[in-house]
Amino acid sequence: MKAATQNDILISEVGAWSNPISRNEDIRRNAINYCIKRLELAERINAQCCVNIAGSRGEQWDGPDPDNFSDETFELIVETTREIIDAVKPERTIFALEMMPWVFPDSSDSYLSLIKAIDRKGFGVHFDPVNIISSPRIYYSNSDMIRDFFKKLGPYIRNCHAKDILLRGKLTVHLEEVIPGQGILDYRTFLTELNKLHPDTTLIIEHLSTNEEYRQASAYIRRIASELNIPL
């Protein structure tokens, strides 16, 4: 934290990637304990957030399952998230759930429902728009989806991920994650809305393979920001 402060670096997130809603009770308890430790770390180093996904009721910790959208799973996510936050009672950071296309939260409305149900000051929002573009309809109207998300959840957002997405012309629907600038995500709207939030709200480029790809993605995002007179 001292080194970050000295070099004008904001610590954006501490990952807590695990499955705290697993059907396997040992996996579930280990994941909850891991999330608690990671949230403690985020609080100690003053990170913007500690982030995990909700998990999955299936064999794949981050994969689909028929029960992922059940009322029981929603309540389990609420109960689990409360337990993690109550164990730490963070004051400087928050615990957030990255959205996924096949488990809660999967939209602005389901995220808002979780905020109300969890009812904890230490719960906040992580926004990755690409993760909830799960149909051609949302794909082509992603500008509206982004604006809607910021309108409903802007005050809670602490951290965002920067990716891009491309719809391929083969059956059935095939959506592919690509480098920012190579897909259809409306970065003009994304950056415009993000710029309305607290200046410490962070944006992370992720999932690329080489330094050159990260430079390419960064250059694209910075160019769009410059055209909009948005400082990064």
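Student: How many aromatic pairs does the structure hold?
Tutor: The model is predicted. Ring pairs link Tyr111, Phe123, Phe127, Phe149, Phe150, Tyr187, Phe190 and Tyr220 into a cluster. Over the structure, the number of aromatic pairs is 11.

Student: Are the rings of Tyr111 and Phe123 stacked, tilted or edge-to-face?
Tutor: A pair of aromatic rings is described by the distance of the centres and the angle of the planes. For Tyr111 and Phe123 the centres lie 6.1 Å apart. Planes under 30 degrees apart would count as stacked and planes over 60 as edge-to-face. The angle here is 35°, so the pair is tilted.

Student: Which elements does the pair of Tyr111 and Phe123 tie together?
Tutor: Both residues are buried, Tyr111 as well as Phe123. They are 12 residues apart in sequence. Tyr111 belongs to one element and Phe123 to another, so the pair ties together helix H4 and strand S4.

Student: Which class does the ring pair of Phe127 and Phe150 fall into?
Tutor: The two ring centres are 5.4 Å apart. The cut-off for edge-to-face is an angle over 60 degrees. With planes at 85°, the pair of Phe127 and Phe150 is therefore edge-to-face.

Student: How many residues apart in sequence are the parts that Phe127 and Phe150 tie together?
Tutor: Phe127 lies in strand S4, and Phe150 lies in helix H6, residues 142-153. Phe127 is buried at 0% relative accessibility, and Phe150 is buried at 5%. The parts tied together by this pair are 23 residues apart.

Student: In what order do the strands of the sheet follow one another?
Tutor: Strands of a sheet pair through backbone hydrogen bonds, either parallel or antiparallel. In this open sheet of six strands the pairing is parallel. From one strand to the next the twist averages 30°. The order is S1-S2-S3-S4-S5-S8.

Student: Which strands stand at the edges of the sheet?
Tutor: An edge strand here has a single partner strand, so one side of it is left without a neighbour in the sheet. That holds for residues 13-15 and for residues 202-205. The edge strands are S1 and S8.

Student: Which residue in S4 stands opposite Ala96?
Tutor: Strand S3 covers residues 95-97 and strand S4 covers residues 123-127. The two run parallel and are joined by three bridges. Opposite Ala96, in S4, stands Gly124.

Student: At about what angle does helix H4 run to S4?
Tutor: Two helices can be placed against this part of the sheet. Helix H3, residues 71-88, lies across S3 and S4 and runs at about 155° to S3. Helix H4, residues 108-118, also lies across S3 and S4. Its angle to S4 is about 165°.

Student: How far apart are the closest N and O atoms of Arg29 and Glu83?
Tutor: The pair links distant parts of the chain, with Arg29 in helix H2 (residues 25-44) and Glu83 in helix H3, 54 residues apart. Arg29 is partly exposed at 29% relative accessibility, and Glu83 is partly exposed at 27%. The two form a salt bridge, for which the cut-off is 4 Å. The closest N and O atoms are 2.5 Å apart.

Student: Which residue meets Lys121 in a salt bridge?
Tutor: Lys121 is exposed at 71% relative accessible area. Its partner is exposed too, at 59%. The N to O distance of the salt bridge is 3.6 Å. The partner is Glu91.

Student: Is Glu193 buried or exposed?
Tutor: The side chain of Glu193 meets that of Lys196 in a salt bridge at 3.1 Å, N to O. Lys196 is exposed, with 59% relative accessible area. Under 20% counts as buried. At 13%, Glu193 is therefore buried.

Student: How many salt bridges does the count come to?
Tutor: Some of the charged residues are linked in a network of salt bridges, namely Arg23, Asp65 and Asp67. By the 4 Å rule, the count of salt bridges comes to 17.

Student: The backbone oxygen of which residue does the side chain of Thr201 reach?
Tutor: Thr201 sits in the loop between helix H7 (187-194) and S8, and is buried at 13% relative accessible area. Its contacts beyond four places in sequence are Gln48, Ile157, Arg158, Asn159 and Leu194. At 2.8 Å, its side chain reaches the backbone oxygen of His198.

Key. Residues numbered from 1 in each chain as written. Predicted model: local features only at pLDDT ≥ 70, side-chain atom pairs only at ≥ 80, totals over all residues. Heavy atoms only, no water. Pairing = 2+ DSSP bridges. Helix = DSSP H or I, 4+ residues; strand = E, 2+ residues; numbered from the N terminus. Axes fitted to C-alpha atoms, helices over the stretch in contact; angles between N-to-C directions. Contact = heavy atoms within 4.5 Å. Buried < 20%, exposed > 50% of the residue type's maximum accessible area, 1.4 Å probe, protein only. Polar contact = N/O pair within 3.5 Å; in protein donor to acceptor, adjacent residues only side chain to side chain. Phe/Tyr/Trp six-rings, centres within 6.5 Å; stacked < 30°, edge-to-face > 60°.
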